[in-house]
Amino acid sequence: MEKKKLWFLFNPTSGRGQIRIHLMEIIDIFVKAGYDVTVYPTQKKEDAMRLIPQQADKYDLIVCSGGDGTLNETITGMMQCRAGIPVGYIPAGTTNDFAQSLRIPGNMLKAADIAANGIPFACDVGEFNDETFVYIAAFGIFTDVSYMTNQKLKRVLGHAAYVIEGAKQIVDIPSYVMEIRVNGEIIRDEFVYGMISNSVSVGGMKNLTGKEVELDDGLFEVTLVRRPKNPIQTSEIMTNLLIPRDCDTPYIYSCKTDHIEIHCEEAVPWTLDGEFGGDQKDVRIINHRQRVTFMVKDPEKDGAEEESDDGKENSDSAADSHKSRG
């Protein structure tokens with residue numbers, strides 16, 4: 001019987017190059033799972049995105065390792081291939097938000113085992129104009145807070161670290177007058193922040209995107225923050241956005257949708273999965289339901305680890321959603 005073929009692409013510089021320490025053990029896990037393994041270290045930006053459409057159909061499984069940028073490149077490439085080729089992910093970045101949503105641990109060897117021996121989970125993927133994003137498209141004041149916040153501060157202070165970093169940006173708030181079309185409604189207002197997401201974690205923080213997030217329901221979670229008019233409103237927005245509570249505020253608009261259109265007279269800088277997404281006046285965002293299949297942990301396996309190697313719990317979203325669908 002011909003062996004299954006696995007293509008392993010990894011970013012050798014992600015996470016201070018920690019993949020090099022575990023590379024042979026990871027390959028051994030793949031071989032023991034019955035795969036004939038081809039290994040490719042990416043050489044430059046957008047390397048995976050360029051190569052995957054050319055090579056993916058030759059393999060039974062694609063596994064990538066790197067940060068959110070590497071994952072974005074991989075999925076962008078996979079969107080140009082036939083649906084159904086599964087993707088395994090070994091996180092090696094700083095925040096690894098989407099890995100947490102998929103319940104993929106930060107421990108590389110455990111993640112490699114899930115990639116090779118897990119179960120398939122068909123996940124939604126976002127389209128932003130002509131580009132792909134895996135879990136978030138965002139603009140505005142807090143867009144870079146999670147990526148700028150000192151990592152040591154995050155571990156010591158948790159949510160408070162984000163409030164501290166966010167407060168630094170309050171002095172001069174950029175805002176954008178926008179017309180937003182969503183769910184048959186037209187919203188015209190001035191916004192300081194917007195987030196269209198498919199993740200339970202943003203910047204390492206859970207619950208920012210709302211409750212009951214499902215990664216395969218064909219719906220985004222939308223959060224739009226109106227411009228505050230005084231310090232009291234600013235405080236209420238920061239409290240509800242950065243330290244989520246069970247209360248509503250008129251300054252934050254939220255909903256679920258499978259597509260949204262946004263227009264602004266001036267160009268607005270966006271980020272896609274933490275990377276710069278360009279300055280845009282007109283944006284059309286579409287949810288491609290269950291477009292890419294990820295390998296995730298089998299919820300039926302006994303003794304499965306619930307925590308990554310740094311002690312942070314990962315979300316149950318993907319596996320629970322899969323289990324609920326049989």
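Two strands count as a pair if DSSP finds at least two bridges between them. With that in hand, welcome to the close-up views of this predicted model.

**Figure 1. The whole chain comes before the details.** The protein chain holds ten helices and 15 strands. Of its 326 residues, 54% are buried. Among contacts with a separation of 6 or more, 74% link residues that lie 24 or more positions apart. The chain exposes about 15,000 Å², and carbon and sulfur atoms supply 48% of that area.

**Figure 2. How confident is the predictor, as judged by the mean pLDDT of the chain?** The mean is 81, and 73% of the residues reach 70 or more. Over residues 145–150, however, the pLDDT is below 50, and the model gives this stretch 20 contacts beyond near neighbours in sequence. Residues 319–326 also stay under 50, with 13 contacts beyond four places in sequence.

**Figure 3. Strand E9 pairs with E7, E8 and E12.** Begin with strand E7 (residues 136–140), which runs antiparallel to strand E9 (residues 185–197) over five bridges. One residue to look for here is Gly140, whose bridge partner in E9 is Tyr193. Next comes strand E8 (residues 176–182), joined to E9 by seven bridges, again in the antiparallel sense. In this pairing you can find Arg181 of the chain bridged to Ile186 in E9. E8 and E9 form a hairpin with two residues between the strands, and there Asn183 takes a positive phi near 50 degrees. Finally, E9 and strand E12 (residues 220–226) run antiparallel and are joined by six bridges. Look for Ser197, whose bridge partner in E12 is Glu221.

**Figure 4. Helix H5 packs its buried residues against a helix and several strands.** Which residues of helix H5 (residues 108–117) are buried? They are Met108, Ala111, Ala112, Ile114, Ala115 and Ala116. These buried residues pack against helix H1 (19–32), strand E2 (35–41), strand E3 (61–66), strand E4 (87–91) and E15. At the start of H5, look at Asn107: a side-chain oxygen of this residue reaches to within 3.1 Å of the backbone nitrogen of Leu109.

**Figure 5. Thr70 sits in helix H3 and reaches Asn11 with its side chain.** Helix H3 covers residues 68–78, and Thr70 is found in it. Is Thr70 buried or exposed? Its relative accessibility is 9%, so Thr70 counts as buried, the cut-off being under 20%. The side chain of Thr70 makes a polar contact with the side chain of Asn11, at 3.4 Å. Setting aside neighbours within four places in sequence, Thr70 is in contact with Asn11, Ser14 and Ser65.

**Figure 6. Asp47 is a buried residue of helix H2.** This helix takes in residues 47–55. Asp47 counts as buried because its relative accessibility is 0%. Not counting residues up to four places away in sequence, Asp47 touches Tyr40, Thr42 and Glu73. A polar atom of the Asp47 side chain lies 2.8 Å from the backbone nitrogen of Gln43. If you would like to link this view to the previous figure, the C-alpha atoms of Asp47 and Thr70 are separated by 9.2 Å, while the two residues are 23 apart along the chain.

**Figure 7. Asn129 and Gln290 each have a positive phi.** Neither residue is a glycine. For Asn129, phi is near 50 degrees. This residue is found in the loop between strand E5 (119–128) and strand E6 (131–133). Asn129 has a relative accessible area of 23%, so it is partly exposed. For Gln290, phi is near 50 degrees as well. Gln290 lies in strand E15 (residues 275–296). With 35% relative accessibility, Gln290 counts as partly exposed.

**Figure 8. Cys81 and Cys255 are buried cysteines.** How many disulfides does a search of the whole structure find? The search finds zero. Cys81 counts as buried because its relative accessibility is 9%. At 17%, Cys255 counts as buried too, because the cut-off is under 20% relative accessible area.

Technical notes:
Residues numbered from 1 in each chain as written. Predicted model: local features only at pLDDT ≥ 70, side-chain atom pairs only at ≥ 80, totals over all residues. Heavy atoms only, no water. pLDDT = per-residue confidence, 0-100. Contact = heavy atoms within 4.5 Å. Helix = DSSP H or I, 4+ residues; strand = E, 2+ residues; numbered from the N terminus. Buried < 20%, exposed > 50% of the residue type's maximum accessible area, 1.4 Å probe, protein only. Areas by Shrake-Rupley, 256 points an atom, 1.4 Å probe, with all protein chains shown as cover. Polar contact = N/O pair within 3.5 Å; in protein donor to acceptor, adjacent residues only side chain to side chain. Disulfide = S-S within 2.5 Å.
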